[in-house]
Amino acid sequence: RRVGRRNDRRAPPMSLLGGLGAALDRGRAIVGEAKHLAEAKFAEARHLAESARGAARDASARRELVPFPGYPVLMNESTLAEGGFAFVHLARHAETGQLYAVKRMLAQDRDSAELARGERKLLAELPPHPHIVRLFASMARRAGRCEEHLLLLEFCSQGTLIR
């Protein structure tokens, strides 16, 4: 009986080990390809984000007439604030000279576009209140590969809540 037990402990046939080794090598190759593809997509996304930020910075260096319905304003006198996907610029009404803040949200994908649309809708539906910044007008337009959402807001001369 001891002989039978020794036979049960035999090493697996070489063909089985060779097959497992080949499968392991193929798995490593697939993981390597996936890693390379993910790195390439990440680099592409970083490039798109940098080009969008560059375009926004270029736009902030000049004045632009923005035709909000009923409010033609000259935007980009100066940049007031910058966030994750939005920039706030000081703007002046082209006819009256009244100051406004223009929030520019750059949406590079569907999710950020939906967030921007939601913010526009929410602010438009809020009743006037002394402690909520007032929305005068809003619009959306294409900006290269991005969708740009603009909000014409009340200018609060005292700065942000943080300052």
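In this predicted model, strands 3 and 4 make a hairpin, with five residues sitting between them. Gly-97 is part of that turn, and its phi is positive, at about 85 degrees. The two strands cover residues 86–93 (strand 3) and residues 99–107 (strand 4). They run antiparallel and are held in register by seven bridges. One pair to look for is Leu-90 with Ala-101, its bridge partner in strand 4.

Strand 4 also has a partner in strand 6, which spans residues 146–154. This pairing is antiparallel too, and eight bridges make it up. Here Val-102 of the pair stands opposite Leu-152, a residue of strand 6. So how closed in is strand 4 by the rest of the structure? Eight of its nine residues are buried, so the strand is largely enclosed by what surrounds it. As a general point, side chains in a regular strand alternate between the two faces of the sheet.

Now for Ser-112, which belongs to helix 3, a stretch running from residue 110 to residue 125. Is Ser-112 buried or exposed? Its relative accessible area is 13%, and because the cut-off for buried is under 20%, Ser-112 counts as buried. Leaving aside residues up to four places away in sequence, Ser-112 touches Phe-85 and Ala-107. Ser-112 has a polar link as well: a polar atom of its side chain lies 3.3 Å from the backbone nitrogen of Gln-108.

Definitions and conventions
Residues numbered from 1 in each chain as written. Predicted model: local features only at pLDDT ≥ 70, side-chain atom pairs only at ≥ 80, totals over all residues. Heavy atoms only, no water. Helix = DSSP H or I, 4+ residues; strand = E, 2+ residues; numbered from the N terminus. Buried < 20%, exposed > 50% of the residue type's maximum accessible area, 1.4 Å probe, protein only. Polar contact = N/O pair within 3.5 Å; in protein donor to acceptor, adjacent residues only side chain to side chain. Contact = heavy atoms within 4.5 Å. Pairing = 2+ DSSP bridges.
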